[in-house]
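This report describes the fold, the packing and a few local features of one protein chain. Please keep the sequence and the model at hand while reading.

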Amino acid sequence: MKPWPSKRVPFFPACLTALTPKRCYLAFDAPRNLPSFSSSSSVSPNLNFNLNLATLLQGHIPHYHLLQIHAHIYRLGAHQDSLIATRLIGHYSSRYAIRVLLYQLQNPDIFPFNAAIRVLAREGLLSDCFSLLNTLKQRSLSPNDFTFSFLLKSCSGNSQCVKQIHTHIVQLGFVTNSSVCNGLLAVYARGLKDMVSARNLFDEMPEKSTVCSWTSLIAGYAQSGQTERVLQLFCSMVDAKLLPEDDTMVNVLSACSKLKVIQIKEWVTILSRLTGNDDFKIISGDFVNTVLVYLCGKWGRIDKSREIFDDISANGKRSVLPWNSLINAYVQNGYPMEALSLFRTMMENPHSRPNHVTMVSVISACAQIGDLELGSWVHEYMKDRGSKGILESNTFLATALIDMYCKCGSLDRAKEVFDRVVSRDVVLFNAMAMGLATNGEGEEALRLFSKMDQFGLCPNAGTFLALLSACNHSGLIDEGRQIFQDMTSFFCIAPSLEHYACYIDLLARVGHVEEAFEVASSMPFEPNNFVWGALLGGCLLHSRVELAESIYRRLKEVDPENSASYVMLSNVFAVDRRWSDVSALRWFMRERGVKKQPGHSWISINGVVHEFQVGSASHPHIHAIYETLNGLVKEMKVPSLRW
């Protein structure tokens, strides 16, 4: 690339080219904070005066004021000052910035050059950045760490340019500069995902005591799905007595989400050994324990997860990460009440503040128990206390809110959230479609599906599961058949076992039990308890006793401990008044030790969620509740003469 031409020509912005310096200044209304000096003064400005002029160039400046200030600076000859020139260049576009640098400044040092490179990088002018670098070197000026920082930002997605900058760094002896190497490492790992080059650079770095270099490498491995390498690096990092930052921990936890159960067991053992060292526990114990809380929760060892969380120090709990790890563990393992209890404890802690990740888990817990009041409170909290525009831009948060509102029956609020999201993805569409489906708005769910193409989105397997559910809940048999066919023939998406189960349930519900049985027999999967359960439910609904007995035997084979099959067949017999068969079936359940799963219900009163379970008397006011119920029953049995 050629360096910039050295020919010097006068420069002013286009609207000033016809004016003398004095006229330039007078051609506009002068801003009130401009220093006033006699236009005839030929004395060079002193240092304090230059600092005053430089101060005018801080922050945002309207373009017409910038032109006034520039003209005033030029008239006084202050544009040769390095600080003033640097700030002036930073306010212009690349076209004018280059003219100021090369045609107005007599002997610019590195700082105005850096400012110009930064402007060029901001506009994505890569070749111009390198041309300016060559010009800089020809003038015997040495780049500094800022030079390379701006250059790297200009080409973080261009592998060839990054390699070229790497060559310059080596040639100019910056391989020992930790700031430059950390910037280059971040581009290799985070920007290019070139983990081979990133690791080679990291291994060759003479100074590895900066946390950001470890974090960049960990982030790169995490984003590349190399979880084992992430945890190996994390262990090496804490073993070197380096304290991870929040960004480090976020990437470590993100990587852990991809571990399989057998890997989780192995890493829980390794990390637990590390925390056994007392010296290590004092320095890095909280960080390792945070990872263990997450891993044990993902493993399903929720009691162990809570035990480790309780061992984290008060200082460690200033970070939101251990709280998020345990709250998420409770939600994922079906303990929504415990998740909300921990969230309330977190909110009472003056040193911990929830973020959007916390709120996604809390909203999911609210959806599980139908706590619309708390879910709405979280929504308002994020409006008032969350970062600006987060509800419109964060699809994870918006999806969780839509799911919660739909499960709580508040479709209008769900639609409001959906309509406000700026950039909608397929997961958001799926959540809204499934919400409409479960609330009996099947036709509206299908209309929503037809709008996906307007947003440039392609449906996925989750979309078709939502659409089949919509047809199922609304009894749209013809539409369901068409969707199931189009899924394979038009969209080339192979139905999973869940899709078959939903479609079979649709056929069975509307009375096409035989057709549903044929689909179940011909699908490329072994039917599971959901498939046979759907067929048995259809038989119950449409009094197909003989077919029900055949399906019951199949269901009992795949899921012998599930009480649902026994209960449904018992109901089929009861509808057919086969009371002896009902008694025999109940006796068989007792003999096999099959117990009916107790029902759960929740109710929120004054912000407190009360849980009830069939057969349990654990509620503190259970006796008063029973007395009230008995009183109501007596009232209902009173003869209607009083009416």
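The secondary structure consists of 35 helices and two strands. The model is a predicted one. The protein has 643 residues, of which 44% count as buried. Among contacts with a separation of 6 or more, 63% are between residues 24 or more positions apart. The exposed area is about 33,300 Å², and carbon and sulfur atoms supply 52% of that area.

**Annotated repeats**

An unreviewed UniProt entry carries the annotation "repeat: PPR" for residues 109-143, 210-244, 319-353, 394-424 and 425-459. In the model, residues 109-143 are 74% helix and 0% strand, with the end C-alpha atoms 10 Å apart. For residues 210-244 the values are 74% helix and 0% strand, and the end C-alpha atoms are again 10 Å apart.

**Nonpolar cores**

In soluble globular proteins, nonpolar side chains tend to be buried together. The largest nonpolar core here has 147 residues, and the members that touch the most others are Val-291, Leu-295, Ile-402 and Met-432. Beyond its neighbours within four places in sequence, Val-291 contacts Leu-231, Phe-234, Met-249, Val-252, Leu-253, Cys-256 and Leu-271. A second core, separate from this one, has 33 residues, including Leu-476, Ala-501, Leu-506 and Phe-517.

**Aromatic rings**

How many aromatic pairs does a search of the whole structure find? The search gives 18. One of them is the edge-to-face pair of Phe-148 and Phe-174, with 5.1 Å from centre to centre and 65° between the planes. This pair links distant parts of the chain, since the two residues are 26 residues apart. Phe-148 belongs to helix H8 (residues 145-154), while Phe-174 lies in the loop between helix H9 (159-171) and helix H10 (178-191). Both Phe-148 and Phe-174 are buried. Elsewhere, Phe-449, Phe-464, Phe-490 and Phe-491 form one aromatic cluster.

Two arginines are placed over aromatic rings, as listed here.

| Arginine | Ring | Distance from ring centre |
|---|---|---|
| Arg-301 | Trp-299 | 4.9 Å |
| Arg-424 | Phe-418 | 4.6 Å |

**Positive phi angles**

Most residues other than glycine have a negative phi. Lys-193 is not a glycine, yet its phi is positive, at about 60°. Lys-193 is in the loop between H10 and helix H11 (195-204). Is Lys-193 partly exposed, or does it fall in another class, and why? Its relative accessible area is 37%, so Lys-193 is partly exposed, the class that lies between the limits of 20% and 50%.

Cys-492 also has a positive phi, near 55°. Its place is the loop between helix H28 (477-489) and helix H29 (497-509). Cys-492 is exposed because its relative accessible area is 67%, and exposed means over 50%.

**A buried serine**

Where is Ser-376 located? Ser-376 is part of helix H21, which covers residues 372-385. Is Ser-376 buried or exposed, and why? With a relative accessibility of 18%, Ser-376 counts as buried, because the cut-off for buried is under 20%. Not counting residues up to four places away in sequence, Ser-376 touches Met-404, Tyr-405 and Arg-413.

Note on methods. Residues are numbered from 1 along each chain as its sequence is written. This is a predicted model: local features need pLDDT of at least 70, side-chain atom pairs count only at pLDDT 80 or more; totals for chains, interfaces and linings use all residues. Side-chain values use heavy atoms; hydrogens and water are left out. Helices (H or I, at least four residues) and strands (E, at least two) are DSSP runs, numbered from the N terminus. Buried means under 20% relative accessible area, exposed over 50%, partly exposed in between (1.4 Å probe, protein chains only). Contact means heavy atoms within 4.5 Å. Rings of Phe, Tyr and Trp (its six-membered ring) pair if their centres lie within 6.5 Å; planes under 30 degrees apart count as stacked, over 60 as edge-to-face and the rest as tilted. A charge sits over a ring if NZ of Lys or CZ of Arg is within 6 Å of the ring centre and within 35 degrees of the ring normal. Accessible areas come from the Shrake-Rupley method with a 1.4 Å probe; for residues, only the protein chains shown count as cover. UniProt positions are given in the numbering used here, feature names are shortened, and annotations may be inferred rather than shown by experiment. A nonpolar core is a set of buried Ala, Val, Leu, Ile, Met, Phe, Trp, Tyr and Cys residues joined through side-chain atoms within 4.5 Å.
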